[in-house]
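Here are my notes after going through the model you sent. They are in the order I'd talk them through at a whiteboard.

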Amino acid sequence: MIYSPRDLSCYWNQMENSPTNTAVILANRVGQNVVDYATGREMPADKLTVREVKVFGQESPKRGALRIAKLRHAGDWNVAPLSVPT
């Protein structure tokens, strides 16, 4: 969520009609910064490319390793199943 005291989308819609308006230019820059931040300035991967699938096995932890546990409960407990193998 991003707070803005002004309606940025209104200025974005005016980009074609008033490209020299200072408020429109500033709102456009804010939008570009938000997109840059959200994407890390990287293009999304092609949807048709084959991706490597990692299979997590039950390996015994190495000495001194930190074990992270997941708490199972009646709610939606496994929202990111590949983040930490169960």
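1. Let's start with the charge pairing. This is a predicted model, and a search of the whole structure turns up one salt bridge. The partners are Asp 36 and Arg 41, whose side chains meet at 3.3 Å, N to O. That counts as a salt bridge because the cut-off is 4 Å between a side-chain nitrogen of Lys or Arg and a carboxyl oxygen of Asp or Glu. As general background, side chains of opposite charge can pair when their charged atoms come close.

2. How exposed are the two partners? Asp 36 counts as partly exposed, at 27% relative accessibility. Arg 41 has 67%, so it is classed as exposed, the cut-off for that being over 50%.

3. Stay with Arg 41 for a moment, since its backbone deserves a look too. Its phi is positive, about 60°, although Arg 41 is not a glycine. For context, most residues other than glycine have a negative phi. As for location, Arg 41 sits in the segment after α2, the helix that covers 22-39. So if you're scanning the backbone angles, Arg 41 is one to pull up, because it combines that angle with an exposed position at 67% relative accessible area.

4. Next, the overall architecture. The protein chain has two helices and zero strands. Its radius of gyration is 22 Å, whereas a compact globule of 86 residues would have one near 12 Å. Along the principal axes, the C-alpha trace spans about 60 × 35 × 30 Å.

5. What share of the residues is buried? Buried residues make up 6% of the 86 in the protein chain. The accessible surface of the chain comes to about 8600 Å², and 55% of that belongs to carbon and sulfur atoms.

6. On contacts, take the pairs in the protein chain that are at least 6 residues apart in sequence: 12% of these contacts join residues at least 24 apart.

7. Which residues make the nonpolar surface patch? Ile 2, Val 30 and Val 34 do, and the patch covers about 230 Å². Val 34 belongs to helix α2. Its relative accessibility is 32%, so Val 34 is partly exposed and also clears the cut-off of over 30% for patch residues.

8. Now for the segment after α2, beyond Arg 41. Val 55 is found there, and it is exposed, with a relative accessible area of 78%. Val 55 and Cys 10 are 45 residues apart in sequence, and their C-alpha atoms are 47 Å apart in space.

9. Ile 68 is also placed in the segment after α2. With a relative accessible area of 58%, Ile 68 is exposed. From Ile 68 to Val 53 the separation is 15 residues in sequence and 22 Å in space, C-alpha to C-alpha.

10. Finally, Trp 77, another residue of the segment after α2. Is Trp 77 buried, partly exposed or exposed? At 26% relative accessibility, Trp 77 lands in the partly exposed class, because buried means under 20% and exposed means over 50%. Between Trp 77 and Glu 42 there are 30 Å in space, C-alpha to C-alpha, for 35 residues in sequence.

Key
Residues are numbered from 1 along each chain as its sequence is written. This is a predicted model: local features need pLDDT of at least 70, side-chain atom pairs count only at pLDDT 80 or more; totals for chains, interfaces and linings use all residues. Side-chain values use heavy atoms; hydrogens and water are left out. Helices (H or I, at least four residues) and strands (E, at least two) are DSSP runs, numbered from the N terminus. Buried means under 20% relative accessible area, exposed over 50%, partly exposed in between (1.4 Å probe, protein chains only). Patches are made of residues with over 30% relative accessible area and no salt bridge: like charges are joined within 9 Å, nonpolar side chains (Val, Leu, Ile, Met, Phe, Trp, Tyr) within 5 Å. Accessible areas come from the Shrake-Rupley method with a 1.4 Å probe; for residues, only the protein chains shown count as cover. The radius of gyration is taken over C-alpha atoms; the globule rule is 2.2 Å times the number of residues to the power 0.38. Contact means heavy atoms within 4.5 Å.
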